Amino acid sequence: MSEWIRNNLPSSTRPSCFTTFDVDFVLRNYSTNRLAFVEMKCHQCEPAYGQRLTMELIDESMRLGVLARNEHYGIKSMQWTWCGYWLLQFENTKPDDGRMWLNSYELTEEQLRHHLGQIVAPTAPGSPSQK
């Protein structure tokens, strides 16, 4: 689909300034009402400038939107927690073939498993959330 988009939709150069990118993973736990996005990059790549700006916009919009939604409904069982937009970088291509970083912090595969699990299914107070 990426190739089709590049060939058939406006380019990112002026005057259109149109950009696209995919969200790699959505972590959602409908039991704990927690939600997070994870952007994955191989070979220690960084998101392009436009992608980083869009990630920040989505993160802030989701944070504010969830707060407004929770206030609107006012019912505890309908309240969601936005846990942020996380950047997962691999030295190579996956957790077991090199080093990795989550939001610039190096971690092991076991730490990654624990941390991503805590984002959506916390077992202790103070579990991970970017905001």
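These exercises work through the fold, the sheet and one loop residue of a predicted model.

Residues are numbered from 1 along each chain as its sequence is written. In this predicted model, local features need pLDDT of at least 70, side-chain atom pairs count only at pLDDT 80 or more, and totals for chains, interfaces and linings use all residues.

**Exercise 1. State which elements the protein has and their order.**

Step 1. Count the elements. The protein has three helices and five strands. Both are DSSP runs, numbered from the N terminus: helices are H or I with at least four residues, strands are E with at least two.

Step 2. Read from the N terminus. The order is α-β-β-α-β-β-β-α.

Step 3. Add the dimensions. Along the principal axes, the C-alpha atoms fill a box of roughly 45 × 40 × 20 Å.

**Exercise 2. Describe the sheet and the strands at its edges.**

Step 1. Order the strands. The open sheet runs β1-β2-β3-β4-β5, with mixed pairing. Two strands pair if DSSP finds at least two bridges between them.

Step 2. Find the edges. β1 and β5 (105–107) each pair on one side only.

Step 3. Take the twist. Neighbouring strands are turned by 30° against each other on average, direction ignored. Axes here are lines fitted to C-alpha atoms, for helices over the stretch in contact; angles run from 0 to 180 degrees between N-to-C directions.

Step 4. Inspect the two ends of the order. β1 and β2 are antiparallel over five bridges, and Leu-27 has Ala-36 in β2 as its bridge partner. β4 (residues 100–102) and β5 are antiparallel over three bridges. There, Leu-102 is partnered by Tyr-105 in β5.

**Exercise 3. Determine which strands helices α2 and α3 touch.**

Step 1. Take α2 (residues 49–73). This helix packs on the sheet and touches β2 and β3 (81–90). Its direction makes about 160° with that of β3. Contact means heavy atoms within 4.5 Å.

Step 2. Take α3 (residues 109–120). This helix also packs on the sheet, touching β1, β2, β3, β4 and β5. Its direction makes about 145° with that of β2.

**Exercise 4. Place Tyr-30 and decide whether it is buried or exposed.**

Step 1. Locate the residue. Tyr-30 sits in the loop between β1 (25–29) and β2 (34–41). In this hairpin, four residues lie between the strands, and Asn-33 takes a positive phi near 55°.

Step 2. Apply the cut-offs. Buried means under 20% relative accessible area, exposed over 50%, partly exposed in between (1.4 Å probe, protein chains only). Tyr-30 has 68% relative accessibility, so it counts as exposed.

Step 3. Set this beside the whole protein. Buried residues make up 27% of its 131 residues.

Terms used: Side-chain values use heavy atoms; hydrogens and water are left out.
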